[in-house]
Structures are given as structure tokens and as C-alpha cells.
Amino acid sequence: EDRELSRNIAIRLVDRLQTMGYSREVYTCDSKSVRCYSQDVQKCETHWIYDSELLYSHELDRYAMKLNHRYCNNDKTLEENWKECNYFNRMSSRASVDYLIPLIGKIKGSSENLTPEQKENLARSEHLRWCAFLYTFGYDVMDKEELVDRCKTQQAEINKFGKSKIAKPSQDREKKKHACLVSWEEIDEISLIENSFTHGNKDYKKLDKDNIEVVLALIQAKE
């Protein structure tokens, strides 16, 4: 906690290393900050631990808002959809962009010219991340029989009342179950089961693939 003492020790270490032929930075840490000391003045920086951008990245939220906006598929503005977004979906969007942005950069060192195979592998990886995210929130796998039952119940309620209490057959928020908590190879079957009852065109694999394209577009826009 004695910053002056730590500073003096760090400066002496840097000087000593320099005389031995080593150009190295020395770091000190206390309860509020991490400081870097170096012969190169440009590298000498203080990083405050409680910096607002470190604790709460507004840039990350902007990306998450745009990713969430794609899922809403309505005429509302990006800000309106984010305001109405529940905590779970906000965290899901944040987790997705927080994971994908550095991963995409790691693969190519640039967001340009990713091959179809690389995009496919990114989508597979995104699905695994999404599964891990749901497991941390206490979700478990919804078996196919339960998915079929929920699809039947949803369609019966729509036919009778014009609407259903079941918004998404594949996800039961109360019981914390999701039918897509399966391997990448099994996801197509989940889509087929749901579409056979709803006569829709749900493609759960495409959702993961679309996430890659959206995040790629966000990165390229920044560049």
C-alpha cells in the first residue's frame, strides 16, 4: 500500500535490468491500480482497477444492442428494443459479442476474408458457448418428447384461442429447459420437429451462423 516505496523499488529494478542488458517493464499493484514502469516512457502507464470502462464496457453494450436488435425483428428502434429486453437476453447478447469479437480477431488477425469453413467452425464454437451460457443460468436439456408436447399444446391453443401461452416451444423459461442444448449435429432435428408442427422455417443452426455475420459486420464497420 506504500505507493512511493513501490515506485522507488520499481524504478530501481528497471534501471538494474537495463544495466544487465534487459529491457523489461516492472509492474506494481495496489488496491486501486496497476502501474507500469519502463525505460520507454511511452510504456509507463497507470491502469485504474475501478475504471468505468473496465467494469462496464459501453462499447460492448453497443455491439450487444445491435445483435439483440436483429433478433427482435420489428419496427422499433435499436434503443427501444434494448430497453424492453430482459436481463437474460441482455446478458446473452453481451456474452456473444464478448466471446466472438476477440475470437474472430484471433483467427485471422483481421475480420476480412474468413473462409466458409472458418465461419462454420465459428458458428459451432458459438453454439458451444451458448450452451455453456445457458448451463450457467441453470438450464437443462428439454428432451424431444417434451418438445413435441409443447408444440402440440401451442398449436392447439392457437387454433382455439388465436394465441398461445407458449411463446417458444423449444424453450421453457419456468422449468429452465431448452431443446437446443444438444450437439451441433442434432440441432437440425430440433428445427425439423418444431417446423413440422408450426409449418414455419425455423433454422436454429442459422441463428448461430447469423451471429457470426452480424459480429463480422460490426467489426468491419468499426475498422
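The sheet in this predicted model is open and has three strands, in the order β4-β6-β5, with mixed pairing. β4, residues 140-141, and β5, residues 171-172, stand at the edges with a single partner strand each, so one side of each has no neighbour in the sheet. The pairing of β5 with β6, residues 177-178, is antiparallel and runs over two bridges. Within this part of the sheet, Q171 stands opposite H178 in β6.

I turn now to the helices. Helix α8 covers residues 187-198. What span should its 12 residues have at 1.5 Å a residue? The expected value is 16 Å, and the end C-alpha atoms are 17 Å apart, which agrees. The buried residues of α8 include I187, I190, I193 and E194. As a general point, an α-helix has 3.6 residues a turn, so residues three or four places apart point the same way. After α8 comes H199, which has a positive phi, near 60 degrees.

How, then, is α8 placed against its partner? Helix α7, residues 144-161, packs with α8 at an angle of about 25 degrees, and the two axes are 9 Å apart. Angles under 35 degrees count as roughly parallel, and α7 and α8 are therefore roughly parallel to each other. Their crossing is right-handed.

Finally, the contacts. On the α7 side, the residues that meet α8 are K144, L147, V148, C151, K152, Q154 and Q155. Their counterparts in α8 are E189, I190, I193, E194, F197 and T198. Among these, I190, I193 and E194 are also buried.

Terms used:
Residues are numbered from 1 along each chain as its sequence is written. This is a predicted model: local features need pLDDT of at least 70, side-chain atom pairs count only at pLDDT 80 or more; totals for chains, interfaces and linings use all residues. Side-chain values use heavy atoms; hydrogens and water are left out. Helices (H or I, at least four residues) and strands (E, at least two) are DSSP runs, numbered from the N terminus. The expected span of a helix is 1.5 Å times one less than its number of residues. Buried means under 20% relative accessible area, exposed over 50%, partly exposed in between (1.4 Å probe, protein chains only). Two strands pair if DSSP finds at least two bridges between them. Axes are lines fitted to C-alpha atoms, for helices over the stretch in contact, and angles run from 0 to 180 degrees between N-to-C directions. Angles under 35 degrees count as roughly parallel, over 145 as roughly antiparallel, 65 to 115 as roughly perpendicular and the rest as oblique. A crossing is left-handed if the near helix is turned anticlockwise from the far one by less than a right angle, and right-handed if clockwise. Contact means heavy atoms within 4.5 Å.
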